[in-house]
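User: I am new to this structure and would like to go through its inner space and its charged pairs. Please show it first.

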Amino acid sequence: MKSFNIFLRPISVLFAALTLLMSSAPAAKAQCVRGQKSFGVDAGYVSRNKSAVAGIQFQYGFSSHFRVAPGARCIFRNNDRDAIQLDLDTHYPFNFTGDRAALYPIVGLNYSWWNSHSRPQDAEEQEDVSTRKRNFGLNAGAGFEFTASSTLKIHIEARYSMVKSNSSVQLTAGIAYIF
């Protein structure tokens, strides 16, 4: 629980900053427009191994209420577990506050490589005793984003990745360049 609080504080500070930006920033263009693209980074917390996660994400808007968001994430090693995760998510944004902020459900596919590392019994033994599991899964969750300017948006997301034997909750915050 202590490691969870380490990641909760930055996310709550980001949420407070988003609230402040929403109340003081000038109006930006519509949140999700056909053909709009963005590329960004995110970081956060993963419950499966109580660790940090960092990744990249691309978004492409097909309409004002539908976009795809493929991404790749690295889940850092903790408790002798780590992973690489590829996502193909869809977002369904609902705009509010003059099109500067949006709340969106997340639904998508997931492919992950979870690695379990065992320590050798003998200290002189140097062989790899890792177990690797590769599985497809599903993502479900929700996100909130705020368009700070015509080229910058900030988001927070909570998702549940359902993967055989390696399901997890992920809480992330990120920033993206709109082009």
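Analyst: Ala, Val, Leu, Ile, Met, Phe, Trp, Tyr, Cys and Pro count as nonpolar, Asp, Glu, Lys and Arg as charged, and the others, Gly among them, as polar. The model is predicted.

User: How many polar residues are in the lining of the largest cavity?

Analyst: The largest cavity holds about 50 Å³ of space. Its lining is made up of Ser38, Gly40, Val41, Gln57, Gln59, Glu145, Lys153, His155 and Ala176. By class, two of these are nonpolar and two are charged, and the polar residues number five.

User: Which strand gives the largest share of the lining of the largest cavity?

Analyst: Strands S1 (37–46), S2 (51–63) and S8 (152–163) each supply at least two lining residues. The largest share is three residues, and it comes from S1.

User: Which residue forms a salt bridge with Lys153?

Analyst: Lys153 is among the residues that line the largest cavity. In its salt bridge the closest N and O atoms are 3.8 Å apart. Lys153 is buried, and so is its partner. That partner is Glu145.

User: How many residues apart in sequence are the parts that Arg67 and Glu145 tie together?

Analyst: Arg67 and Glu145 form a salt bridge, with the closest N and O atoms 2.9 Å apart. Arg67 lies in strand S3 and Glu145 in strand S7 (residues 130–149), so the pair ties together parts whose separation in sequence is 78 residues.

User: Is Arg73, the partner of Asp42 in a salt bridge, buried or exposed?

Analyst: The closest N and O atoms of Arg73 and Asp42 are 2.8 Å apart. Buried means under 20% relative accessible area. Arg73 has 3% relative accessibility, so it counts as buried.

Key:
Residues are numbered from 1 along each chain as its sequence is written. This is a predicted model: local features need pLDDT of at least 70, side-chain atom pairs count only at pLDDT 80 or more; totals for chains, interfaces and linings use all residues. Side-chain values use heavy atoms; hydrogens and water are left out. On a 1 Å grid over the protein atoms alone, a cavity is a set of points where a 1.4 Å probe fits but cannot get out, and a pocket is an open set with protein on both sides within 12 Å along at least five of seven lines; lining residues have an atom within 4 Å of a point. Grid points are joined across faces, edges and corners, and a volume is the space filled by probe spheres set on the points. Helices (H or I, at least four residues) and strands (E, at least two) are DSSP runs, numbered from the N terminus. A salt bridge is a side-chain nitrogen of Lys or Arg within 4 Å of a carboxyl oxygen of Asp or Glu. Buried means under 20% relative accessible area, exposed over 50%, partly exposed in between (1.4 Å probe, protein chains only).
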